[in-house]
Amino acid sequence: MAQYAWNADALCGVFALPTAVADDCLSLASVQQLRVLIWFSRHQSWDAAACAAQVGLTANECEDCLRFWADKGILTTGTAPVPKARPAAVKPLLKEVVEFQKTDPSFSTLVDEASAKLGKAITHGDTATLLYLYNTVGLPMEVILMEIVYAVSVGKGNMHYVEKIALDWYDKDIATIPTVDEHIRYLDACRKAGEKIEKLLDAPRALGATQQQMAEKWLHQWAFSDDMLLKAADITREKIEKLNAPFYSYMDKILERWFAEGIDCPDKIPAPKPAKKKGAAATNPEESSLHLEEFEKDLLRYRPKFNATEKK
């Protein structure tokens with residue numbers, strides 16, 4: 001098997017893409033959406049007509065493709081806020097932790113409360129992490145304790161995970177008691193929605209975070225019934241048998257279209273288009289089949305326009 005590597009000459013000119021494109025969106029995006037994102041990343045300014053001429057789509061289709069990336073949080077519309085700079089990840093030394101505990105009674109309280117909520121004595125390294133979050137990052141004691149409680153509730157009661165979510169949420173400007181409380185409620189709703197979808201579809205494994213967010217949207221924001229969800233799943237199974245990430249992404253596109261078009265009960269679901277008959281089938285009027293090729297193409301190209309409030 002051939003081994004591939006970058007051509008050094010080609011690397012003289014490069015441009016960047018967010019890692020989230022590959023990590024979170026690669027299985028969700030169509031070929032056209034990826035082409036448009038690459039064009040946008042290369043030019044760093046938006047010209048729908050110029051993009052259309054280069055990628056072989058219409059200007060409106062290019063706009064719809066770019067809207068997909070905005071919906072996924074890869075792009076923003078309007079004036080983008082200035083990202084909050086994360087403090088340097090330099091943990092305090094043990095002697096610095098001990099000295100700080102002597103001068104700040106609140107931090108001593110935080111250490112005791114953190115140990116109690118984790119259900120175990122915390123190590124010197126964990127105490128240094130607490131001081132980093134409390135003093136360097138500047139998170140309130142109550143916020144850190146809320147994040148510890150959440151970590152324990154999802155079965156990840158350790159300071160490594162607490163630090164990870166604390167910094168991730170800080171980057172998203174989720175760093176106050178109200179915003180952290182709202183975000184935790186949203187994550188809990190996603191988890192419960194995911195569990196319901198797992199049971200409804202008899203999923204062989206638990207849904208990931210992205211699929212849980214889809215489930216929350218289907219059940220709470222779009223308010224689809226079990227019957228509608230099962231219908232969407234049946235249509236999806238015609239193309240994808242395994243309940244994996246592409247399955248849920250395809251199902252999400254079906255439900256997105258139904259929501260935008262007001263299709264809220266099984267009786268309103270349009271019948272699939274019949275296949276064009278070929279060969280012997282063309283001479284036999286009794287032979288028929290369901291043709292999903294055109295449906296799939298329409299679904300992947302379709303980007304509905306509606307106003308919906310999406311959690312971030």
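**Entry 1: I38 and the surface patch**

I looked up the exposure of I38 and found a relative accessibility of 42%, so I38 counts as partly exposed. I note here that the model is a predicted one. I placed I38 in helix α2, which covers residues 31-43. I then asked which residues form a nonpolar patch on the surface together with I38. The partners are F15 and L17, and the accessible area of the patch comes to about 260 Å².

**Entry 2: the chain as a whole**

I recorded the secondary structure next. The chain has 14 helices, and the number of strands is zero. Read from the N terminus, the order of elements is α-α-α-α-α-α-α-α-α-α-α-α-α-α. I also noted the burial of the chain: 36% of its 312 residues count as buried.

**Entry 3: α11 against α13**

I examined the packing of helix α11 (residues 209-221) and helix α13 (residues 245-260). Their axes lie 10 Å apart and form an angle of about 25°. Angles under 35 degrees count as roughly parallel, and α11 and α13 are therefore roughly parallel to each other. I entered the crossing of α11 and α13 as left-handed.

**Entry 4: positive phi at D202 and A223**

I searched the loops on either side of α11 for unusual backbone angles. Most residues other than glycine have a negative phi. D202 is not a glycine, yet I read a positive phi of about 55° for it. I located D202 in the loop that runs between α10 (177-201) and α11. Is D202 buried or exposed? D202 is exposed, as its relative accessible area is 65%.

I made a second note for A223, which also is not a glycine and has a positive phi of about 55°. A223 sits in the loop between α11 and α12 (226-237). Its relative accessible area is 57%, so I entered A223 as exposed.

**Entry 5: two residues of α7**

I turned to helix α7, residues 124-136, where L133 is found. L133 has 0% relative accessibility and so counts as buried. I checked the distance from L133 to I144, which is eleven residues away along the chain, and found their C-alpha atoms separated by 7.7 Å.

G125 is found in helix α7 too. I recorded G125 as partly exposed because its relative accessibility is 43%. Between the C-alpha atoms of G125 and L94 I read 8.1 Å, with 31 residues separating the two along the chain.

**Entry 6: salt bridge R67-D64**

I asked how many salt bridges the structure holds. The count is eleven. Side chains of opposite charge can pair when their charged atoms come close.

I took the pair R67 and D64 and found a salt bridge between their side chains, at 2.7 Å from N to O. Both residues lie in helix α4 (residues 59-71); they are three residues apart, about one turn of the helix. I then compared the exposure of the partners. R67 has a relative accessible area of 30% and is partly exposed, whereas D64, at 15%, is buried. The cut-off for buried is under 20% relative accessible area, which explains why D64 is entered as buried at 15%.

**Entry 7: salt bridges R191-E195 and E261-R257**

I looked up the salt bridge of R191 with E195, in which the closest N and O atoms are 3.5 Å apart. R191 and E195 both belong to helix α10 and are four residues apart, about one turn of the helix. I entered R191 as partly exposed, with a relative accessible area of 30%. E195 also counts as partly exposed, at 40% relative accessibility. I noted in addition that salt bridges with shared partners join D188, R191 and E195 into one network.

Last, I recorded a salt bridge between the side chains of E261 and R257, at 3.3 Å from N to O. E261 counts as partly exposed, with 42% relative accessibility.

Note on methods:
Residues numbered from 1 in each chain as written. Predicted model: local features only at pLDDT ≥ 70, side-chain atom pairs only at ≥ 80, totals over all residues. Heavy atoms only, no water. Patch = residues over 30% accessible without salt bridge, like charges linked within 9 Å, V, L, I, M, F, W, Y side chains within 5 Å. Areas by Shrake-Rupley, 256 points an atom, 1.4 Å probe, with all protein chains shown as cover. Salt bridge = Lys/Arg side-chain N within 4 Å of Asp/Glu carboxyl O. Helix = DSSP H or I, 4+ residues; strand = E, 2+ residues; numbered from the N terminus. Buried < 20%, exposed > 50% of the residue type's maximum accessible area, 1.4 Å probe, protein only. Axes fitted to C-alpha atoms, helices over the stretch in contact; angles between N-to-C directions. Parallel < 35°, antiparallel > 145°, perpendicular 65-115°, else oblique. Left-handed = near helix turned anticlockwise from the far one by under 90°.
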